[in-house]
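Biologist: I've got the fold open in the viewer and I'd like to go through it with you. Can you put it up for both of us?

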Amino acid sequence: MDAMIEDMFARLMAEHCTPAIVRKVEDGKGREAAAALDALWSEIVQTGLHDALVPEDLGGIGLTLADLVPVFRLVGAHASPLALAETMVARAILAGAGVDAPDGTIVLASAPEGSDDRVETPVVPLARTASHILVDCGARMGLFAIGPEKVTASGGRYSLSARLSFDRGAASAWLDPPATLRPIAALLHAAKMSGAMRKLLEMSVDYANLREQFGRPIGRFQAIQHQLSVMAEEVAAATMAVEVACDGARDGLWPDVLKAAMAKERTSAVAPSVSAAAHAVHGAIGISAEHDLHLLTRRLHEWRVAEGAESYWAREIGIALLSSEERAVDFIRLALAS
């Protein structure tokens, strides 16, 4: 990815997605929250990054998932209250199907089997700030507008997640995509989680070097060093898994299912321990409402279970391994790491 695009997006997020802005949105205080969301989305639209994955011949920038990994990480590192990564993917899918994308952000979901006339989604992160949702209903994908009457809030007080319910006839468009939505949606959550965990590691190292106890920084104590080193190891493994999965995406958009499974399994598996270690290093101040740590750790726990937690994806990898004629080491080397 062009370093200029990454730097530009980093500056944009630093200015328009600060912890104060995230808090305004999560508090849901009317005009202030709406103004903050509108400002962030307006800046994204002006850069054209909302169409970054749309091919150039369809009016987009023509980047790939691999190109946008740094952007997805920044989205996670800033605990974005808008589904920016999901919108990029949704707009590319819609463009490829010849469907005009609606204004505003679009979340993604895979609906379980339900009745013929209703579409019921599981808990969808950031659904409360999105204007539309692209739902994989099995054979086809449906695009639905999100209205207040469709939303059932889910999660804690500050959560932006929700369950959604629609009449199938309310879809503004039905698509026949070349692949299912769950792997790519899971990979996006994994990429954002890797960015959030890298930010937690950075915050923890900085705090350990500044906070003094018994006359020296706590980062000089072996117990703290051990926690930070384990965090660094887990974050590095999660980051690599995401990069491998995005790099192998077909047509630059559709990831290999097993590699996406590996990325989501790894990031979801280490999210609890990375969050716990970050809070342990920060001590009492880390659990206070005024500190920024919980903005990231709460997101991590929501993204961890979205589109399947580590157990779901580990099972998918296990089924593929048992169905393969390869030895385990060759399966890992050829199917997951190549």
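Modeller: One bit of vocabulary before we start: a helix crossing is left-handed if the near helix is turned anticlockwise from the far one by less than a right angle, and right-handed if clockwise. And keep in mind that this is a predicted model.

Biologist: Good, let's use that. What is the handedness of the crossing of α10 and α11?

Modeller: Helix α10 covers residues 310–323 and helix α11 covers residues 328–336. They pack at an angle of about 115°, with their axes 10 Å apart. The crossing of the two is right-handed.

Biologist: And how do the residues of the contact of α10 with α11 divide into nonpolar, polar and charged?

Modeller: On the α10 side you have Ile317, Ala320 and Leu321, and they meet Ala328, Phe331 and Leu336 in α11. The division comes out as no charged, no polar and 6 nonpolar.

Biologist: On to the strands. Is β3 largely enclosed or open, and how many of its residues are buried?

Modeller: Look at its two faces. His132, Leu134 and Asp136 are buried on one side, and Ile133 and Val135 are buried on the other. In general, side chains in a regular strand alternate between the two faces of the sheet. Strand β3 (residues 132–136) is therefore largely enclosed by the rest of the structure, with a buried count of 5 of the 5.

Biologist: Which residue of β4 stands opposite isoleucine 133?

Modeller: β3 has partners to sort out here. Strand β1 (residues 106–110) runs parallel to β3 and is joined to it by 5 bridges, with serine 110 opposite aspartate 136. Strand β4 (residues 141–145) pairs with β3 in the antiparallel sense, over 5 bridges. In that pairing, the residue opposite isoleucine 133 is phenylalanine 144.

Biologist: Which residue in the hairpin of β3 and β4 takes a positive phi?

Modeller: The hairpin has 4 residues between the strands. The one with a positive phi, near 110°, is glycine 138.

Biologist: Which residue of β7 stands opposite methionine 141?

Modeller: β4 is mostly covered, with 4 of its 5 residues buried. Strand β7 (residues 173–175) runs antiparallel to β4, and 3 bridges join them. Opposite methionine 141 you'll find leucine 175.

Biologist: Now the core. Which helix gives the most to the largest nonpolar core?

Modeller: That core has 111 residues, and the members touching the most others are Phe9, Leu65, Val89, Ile93, Ile133 and Leu134. The top contributor, with 15 residues (the helix spans 182–210), is α6.

Biologist: Take one of those members. Beyond its neighbours within four places in sequence, what is isoleucine 93 in contact with?

Modeller: Isoleucine 93 is one of the residues that touch the most other core members. Leaving those sequence neighbours aside, its contacts are Leu134, Met141, Leu175, Leu181, Leu253 and Trp254.

Biologist: What covers the buried residues of α4?

Modeller: Helix α4 (residues 69–77) has 9 of its 9 residues buried, so it is largely enclosed by the rest of the structure. Even Arg73 is among the buried residues, along with Val69 and Phe72. Just after the helix, alanine 79 takes a positive phi of about 50°. The cover includes α1, α5, α6, α7 and α9.

Biologist: There's another sheet too. In what order do its 3 strands come?

Modeller: It is an open sheet with antiparallel pairing. The edge strands, each pairing on one side only, are β2 (118–120) and β5 (151–153). β5 is joined to β6 (residues 162–167) by 3 bridges, with threonine 152 partnered by arginine 163. The order is β2-β6-β5.

Biologist: Last one: is glutamate 307 buried or exposed?

Modeller: Compare aspartate 251, in the loop between α7 and α8: its phi is positive, about 60°, although it is not a glycine, and at 69% relative accessibility it counts as exposed. Glutamate 307 also has a positive phi of about 60°, and is found in the loop between α9 and α10. The cut-off for buried is under 20%. At 10% relative accessibility, glutamate 307 therefore counts as buried.

Methods. Residues are numbered from 1 along each chain as its sequence is written. This is a predicted model: local features need pLDDT of at least 70, side-chain atom pairs count only at pLDDT 80 or more; totals for chains, interfaces and linings use all residues. Side-chain values use heavy atoms; hydrogens and water are left out. Buried means under 20% relative accessible area, exposed over 50%, partly exposed in between (1.4 Å probe, protein chains only). Two strands pair if DSSP finds at least two bridges between them. A nonpolar core is a set of buried Ala, Val, Leu, Ile, Met, Phe, Trp, Tyr and Cys residues joined through side-chain atoms within 4.5 Å. Contact means heavy atoms within 4.5 Å. Axes are lines fitted to C-alpha atoms, for helices over the stretch in contact, and angles run from 0 to 180 degrees between N-to-C directions. Ala, Val, Leu, Ile, Met, Phe, Trp, Tyr, Cys and Pro count as nonpolar, Asp, Glu, Lys and Arg as charged, and the others, Gly among them, as polar.
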